[in-house]
Amino acid sequence: MDKYQVIIRPLITEQGTHQATTLGAYPFQVHPKANKVEIKDAVEKIYNVKVAEVRTSNRKGKPRRRGHTRGSTANWKKAVVVLKGDYRIDLF
């Protein structure tokens, strides 16, 4: 899997911004079949930083309804990447 296919997009939320400024932890939406080693390598190569830790979680899609039709949004995978030392990612 290509490093640009592993990282889908950064998650820019209020909680993610707070964690980035205080803990150096950045959340990303990643490919569902990507493992922690692939995520670490992709972030290090794309953003030129050193990664200390990767935490992942599989997120279940939310149920949705439109009229009488019921469905749900897609399942997705979230990764929180903690950087070493004074490294920062400028997402804004």
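The following paragraphs describe the fold of a single chain, as seen in a predicted model.

The overall architecture is a good place to begin. Three helices and six strands make up the secondary structure of the chain, and their order along the sequence reads α-β-α-β-α-β-β-β-β. The C-alpha trace extends over about 50 × 30 × 20 Å along its principal axes. Of the 92 residues in the chain, 29% are buried. Among contacts with a separation of 6 or more, 60% link residues that are 24 or more positions apart. The accessible surface amounts to about 6,700 Å², and carbon and sulfur atoms contribute 47% of this area. As for charge, 19 side chains are positive and 8 are negative, with 12 Å between the centres of the two sets.

Next comes the main sheet. Four strands build an open, antiparallel sheet, arranged in the order β1-β2-β6-β3. Its edges are formed by β1 (7-10) and β3 (51-59), each of which has a pairing partner on one side only. On average, and with direction ignored, neighbouring strands of this sheet are turned by 30 degrees against each other.

Strand β6 deserves a closer look. On one side, β6 (residues 76-83) is paired with β2 (residues 25-30) through six bridges in the antiparallel sense. Two of the residue pairs can be picked out here: alanine 25 has valine 82 of β6 as its bridge partner, while tyrosine 26 is matched with valine 81. β6 also pairs with β3, again in the antiparallel sense, over eight bridges; one of the residue pairs joins arginine 59 to tryptophan 76 of β6. In terms of exposure, β6 is mostly covered, with six of its eight residues buried.

Two helices can be placed relative to this sheet. Helix α2, spanning residues 14-22, lies across β2 and β6 and makes an angle of about 135 degrees with β2. Helix α3, spanning residues 36-47, lies across β1, β2, β3 and β6. The direction of α3 is at about 120 degrees to β3.

The loop between α2 and β2 holds leucine 23. This residue counts as exposed because its relative accessibility is 57%, and the cut-off for that class is over 50%. Leucine 23 nevertheless has contacts beyond its sequence neighbours: with residues up to four places away set aside, it touches His18 and Val82. Val82 is also the β6 residue bridged to alanine 25. A further link across the sequence appears in the backbone, where the C-alpha atoms of leucine 23 and leucine 83 are 8.6 Å apart although 60 residues separate them along the chain.

The remaining pair of strands can be described briefly. β4 (residues 63-66) and β5 (residues 69-72) run antiparallel and are joined by four bridges. Within this pair, arginine 65 has arginine 70 of β5 as its bridge partner. The two strands form a hairpin, with two residues between β4 and β5. In the turn, glycine 67 adopts a positive phi of about 70 degrees.

Terms used:
Residues are numbered from 1 along each chain as its sequence is written. This is a predicted model: local features need pLDDT of at least 70, side-chain atom pairs count only at pLDDT 80 or more; totals for chains, interfaces and linings use all residues. Side-chain values use heavy atoms; hydrogens and water are left out. Buried means under 20% relative accessible area, exposed over 50%, partly exposed in between (1.4 Å probe, protein chains only). Contact means heavy atoms within 4.5 Å. Accessible areas come from the Shrake-Rupley method with a 1.4 Å probe; for residues, only the protein chains shown count as cover. Lys and Arg count as positive and Asp and Glu as negative; His and the chain ends are not counted. The place of a charge is taken as NZ of Lys, CZ of Arg, CG of Asp or CD of Glu. Two strands pair if DSSP finds at least two bridges between them. Axes are lines fitted to C-alpha atoms, for helices over the stretch in contact, and angles run from 0 to 180 degrees between N-to-C directions.
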